[in-house]
Structure formats: structure tokens, C-alpha cells
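Trainee: I'd like a close look at a single part of this model. Could you pick one strand and walk me through what surrounds it?

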Amino acid sequence: MATGARPWQLCSAGSAGAVALATSGAASAEGLGRPGQLQDETLGVVSVPSQWRGVQGTRGETKSCQTASIATAEAGAQTRKHADAEVQTEAPVPAGILPVSQHDSPGLAAFLRRVEAMVIRELNKNWQSHAFDGFEVNWTEQQQTVTCLHTLGYPPAQGQGLHVTSVSWNTTGSVVACAYGRLDDGDWSTLRSFVCAWNLDRRGLNPRQPSVVVEVPSAVMSLAFHPTQPSHIAGGLYSGEVLVWDMSRPEDPLLWRTGLTDDTHTDPVYQVVWLPERRHSHRFHVLSVATDGKVLLWQAVGAAQLQLTQGFALAVQQLPRNTKLRKPHRGETEVGATAVSFSSFDPSLFVLGTEGGFPLKCSLAAEEAALTRRPASVPLRAPAQFTFSPHGGPVYSVSCSPFHRNLFLSAGTDGHVHLYSMLQAQPLTSLQLSHKYLFAVRWSPVRPLVFAAASGEGDVQLFDLQKSSQKPTVLIKQTQDESPVYCLEFNRQQTQLLATGDASGTVKVWQLSTEFTEQGPRETEDLDQLAAEVAI
């Protein structure tokens, strides 16, 4: 059996041991089958443990994190204290009064039967009496004087030297609007202008800052609020255009406009009026009057467009010859219209003021074709039916009476106010109110015998024909420098208010005294008598 070398001997012998092993192996191979020096031996397993793992080991770190602490709080709520209360609708019966069941009912019935005929007779007498005709109970506080409530203005417009050319109250009576333009000589067609409105019921009213301001590319000559839409207002421009704005949309107020077409006026529009349609009274046209001799009716169609639906033209050769008029200049064919007023009794009847100084009675139902050379999209008709005796200069304002179908007022540059009857050419009476122009005249909406006039001397005159037919009852000084007052309007809802506009760009709101707002007894009859006496 071969003897194997021990492990420690191998390790220590080195190369010499390796040679000896090789030699022994060779000898064994040569003497195969023969007994040799090497023997098989089974030894135990030798292991060498790793020192590196022990040194390194397994490194581990333990870390932790904590969220922010959650804050908690407790609170309690208590319902409000309440109390119950009771009211008694019937007062307790006083001790001294007997119950109804203990009254002498048969005696009371007999008394009532006995006096019944006498009571009915006296009631019939009262019913037939006219002692209290026109009297209305007024629980408001009596106003003894005319006072200025507001002085309104827009500084940018006043800085340009613009005049207040027109004023108008909206249908609620709480908003007053004014137009800025020019009424003196000069070409103002390219002048930038404004329409301003103030809500007088708004808390914290600033008289120098309007509630709404609309910039307009041309001077505005006339304004009129819609009869039922409180925020809609129509305006006539110096350029001849007619526009309608919605004052509730200050960022984009323009609703409709006529544009500059063959139908548009070629002269300044001095008055605009809203007219109800004949078949649909809740729909309205806009009527415009201009010094080009045309009276035009416009209707809103589509988006932002006013379309001509009906038109009239005033030609010199078609004027009624019932009164003597000055001979027109050579080549003059049109009659310039400056003012218009519609009858409260006949919706088709209206009066025009003219540059020639004579008022004209006209009708929307006229059928005669107008003699005009200017083209139009609709046939133009001749509206004039009657010519009245003229003023000494152009007529700037006319006003039909709301209480009498035949009476109207006119005011002109001759400083006179004429009271006319529709039935005769000559005026019933003529009052010289100023040595300068008169720019506006209006009947009171509540007093049949009261009217107001605006003069070129800076004052507003209030007349009560029941007191005097020759001099004003009250003279209101509007401007201290006697600059003209160009326009005025009564408030139909708050009848104690009167708005006036002047050449300084100021609007003043006046509170009228009670004598101008309460109708006296038999005042309507006195107006009828006045018309009848002078018309004979």
C-alpha cells in the first residue's frame, strides 16, 4: 500500500516534495501489480474559515422619521336666543259697553228705515255736485318755493366749451340724461361729444361724475328716452345720424344707428321722438326732424341697424296758402324743420316748428307725394295741412297741450311765446318773454294752465295763466352770467321736478313749489273757456 504524504509535509517540503511524489508515482506505474511503498489512506476534511467576512460583517443602520404633530381643537356653538310673543287682534270689550246681543236691535232697525230716504237724497246731491272737481288729496309735504336740488355737469365736456343741447327723463323719473353739443355758429360736425346720465335716486350721487358717459363722434343735438324701456335713449346728431343707446351697457352702449346712407338726414337732427306702432302699441319707431326738410320714421331691424320705414318732406311749393308767408329765396325748395310735438288726442297729428318761423299742422296719414329731388328707399309724402301765422324768426320749440286737443305753444328767436289754436292761423295770444331768443317751451304735465320757457338771457320762466296771462309767476335765474338756457323738461313721474340745461354745460334740477304741481278746481274748464273765447 502506498503511503501518502501528510499535508503539513507537503506544505513544508516545497519543490523537493513535489519531485519525490513524481518519482514515487513513476515507480509505482512501472511496478504495477507489485507491492510498492505508497498506500491509500483516507484523511479528514480540512477547512479554512474566511477571516474577511468576519472583519467586514453586515453593516446596517436604523433610521426613522416623524410627521408634524396634528393640532386638534374643540369648540362648541350655542343657538341664538329666541323669544315667543303673541298679539291680540281684537281689543277687549270695555266693561261699560253692553254686548251686541243686549242692544236694542229692533229700535236700531226702525231708526235706519226712518232716515234711509233722507240719507240717499243727500248722497245724490253730493254726487251731482262739482265743488270738488279736480281736487286730489295730497299727503306730501307742501313746498312753498322753487329750489335747486342738483347742479350737474361733466367736466371734460365743459372743458371743451360744449353746451347742454337737450335733456330727457327716463320712464321711471329717476334718471336724467343730457346731450352735449353746440348751438352757436360754426362747423361742429367733427367735434367729439358726450351723452351723460345721472341716477338721482342713487345713494352717494356725485354731481360732477355721471352714472353713465357715452362718447359720440359728432355733436348731439337732441335726446329722447324710450317710453317703456328705462335704459334706452335715442339721439340725433349734427351729422344727420340717429342713434339708439342702451345706458345699462356702459362698455358697449350702442344698439342701433341709421348710418350714413341716402336715407340719412343731410342736416343736423334737432329733435327725436318715440312713436308707438299703430298695430302694436308696445313697439316703437323713432321719428327724427332735421333742417333738411325731412321728417323720417326709423325701425330697428337686425343687428345695430335702423331702417327707414316712412318719410315726409316739406317743399315750399306744397305749403298750404291759408296765411301770408314771406317769399322764399330763389332756388329754395325745402322747408327746414326745427321742432316737433305730437297731439295727446290724435296720434297721427303733429305740429312742426320751422326755420321760416311759421308752425305747421301735419299728419302721418297724409298721402300726397312730396316734391323732392333727393332719392329715398321709401316714397316721401307731403305732411303739411295747415300753416299758422309766423314768428319774427325761426321757431325753436313747439309743445301740444296734454289737456286740450286744439291748443299748442311755440317759442322762437323773436323772444315771443305764441298760444295757438289748431282751428285758426292767428295766435290766440302772444307773450314777449325775452329781448333775446327763446329756445324751449313746455306745457306742464299736471297743470293745464302752466307752462315753462327757457330764454337766451339765462332764466327759466314759469307761467300760470290762471293767475296772469302777461307776466311769469316765477322767474328762475339759471345762470349768473346770463348765458342762454337751451332746453328744459318736466318730469312726468315725479311731477315736482324740472330739468334745465344751459350754455355753460350745466344741468340743474329744480323742485317746483306746490302751486305748480297741484291742479286747482275747474282749471280744465278755464282752459276750455280760454280757447273758446279767443277763437271766436
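Mentor: Let's start with one strand and then look at the parts around it. This is a predicted model, where local features need pLDDT of at least 70 and side-chain atom pairs count only at pLDDT 80 or more, while totals for chains, interfaces and linings use all residues. Residues are numbered from 1 along each chain as its sequence is written, and side-chain values use heavy atoms, with hydrogens and water left out.

First, confidence. pLDDT is the predictor's confidence in each residue, from 0 to 100. The chain averages 83, and 79% of the residues score at least 70. Among the elements of the chain, E19 has the highest mean pLDDT, 97, whereas helix H1 (residues 7-13) has the lowest, 39. Over residues 1-35 the pLDDT is below 50, and that stretch has 17 contacts in the model beyond near neighbours in sequence. Where pLDDT is low, the predicted coordinates should not be read in detail.

So E19 is our strand. Helices (H or I, at least four residues) and strands (E, at least two) are DSSP runs, numbered from the N terminus. E19 covers residues 395-400, and Ser399 sits in it. Five of the six residues of E19 are buried; the cut-offs are under 20% relative accessible area for buried, over 50% for exposed and partly exposed in between, with a 1.4 Å probe and protein chains only. Ser399 counts as buried because its relative accessibility is 7%.

What does Ser399 touch? Leaving out residues up to four places away in sequence, Ser399 is in contact with Ser341, Phe408, Leu409, Val441, Arg442 and Trp443. Contact here means heavy atoms within 4.5 Å.

Next, the partner strand. E19 pairs with strand E20 (residues 407-412) in the antiparallel sense, over five bridges; two strands pair if DSSP finds at least two bridges between them. A hairpin of six residues joins E19 to E20. Cys400 has Phe408 of E20 as its bridge partner. Strands of a sheet pair through backbone hydrogen bonds, either parallel or antiparallel.

Two of those contacts lead to aromatic rings. Phe408 is linked by ring pairs into a cluster with Phe386, Phe388 and Tyr420. Rings of Phe, Tyr and Trp (its six-membered ring) pair if their centres lie within 6.5 Å; planes under 30 degrees apart count as stacked, over 60 as edge-to-face and the rest as tilted. The whole structure has twelve aromatic pairs. One of them is Trp443 with Phe451, an edge-to-face pair at 6.0 Å centre to centre and 75° between the planes. Trp443 is buried because its relative accessibility is 5%, and Phe451 is buried too, with a relative accessible area of 1%.

Another contact of Ser399, Ser341, points to a second piece of sheet. Strand E14 spans 337-342 and is an edge strand, as is strand E18 (384-387), each pairing on one side only. They belong to an open sheet of four strands in the order E14-E15-E16-E18, with antiparallel pairing. Neighbouring strands of this sheet are turned by 30° against each other on average, direction ignored. E14 runs antiparallel to strand E15 (residues 349-354), and five bridges join them; Val340 has Leu352 of E15 as its bridge partner.

How values were computed: Axes are lines fitted to C-alpha atoms, for helices over the stretch in contact, and angles run from 0 to 180 degrees between N-to-C directions.
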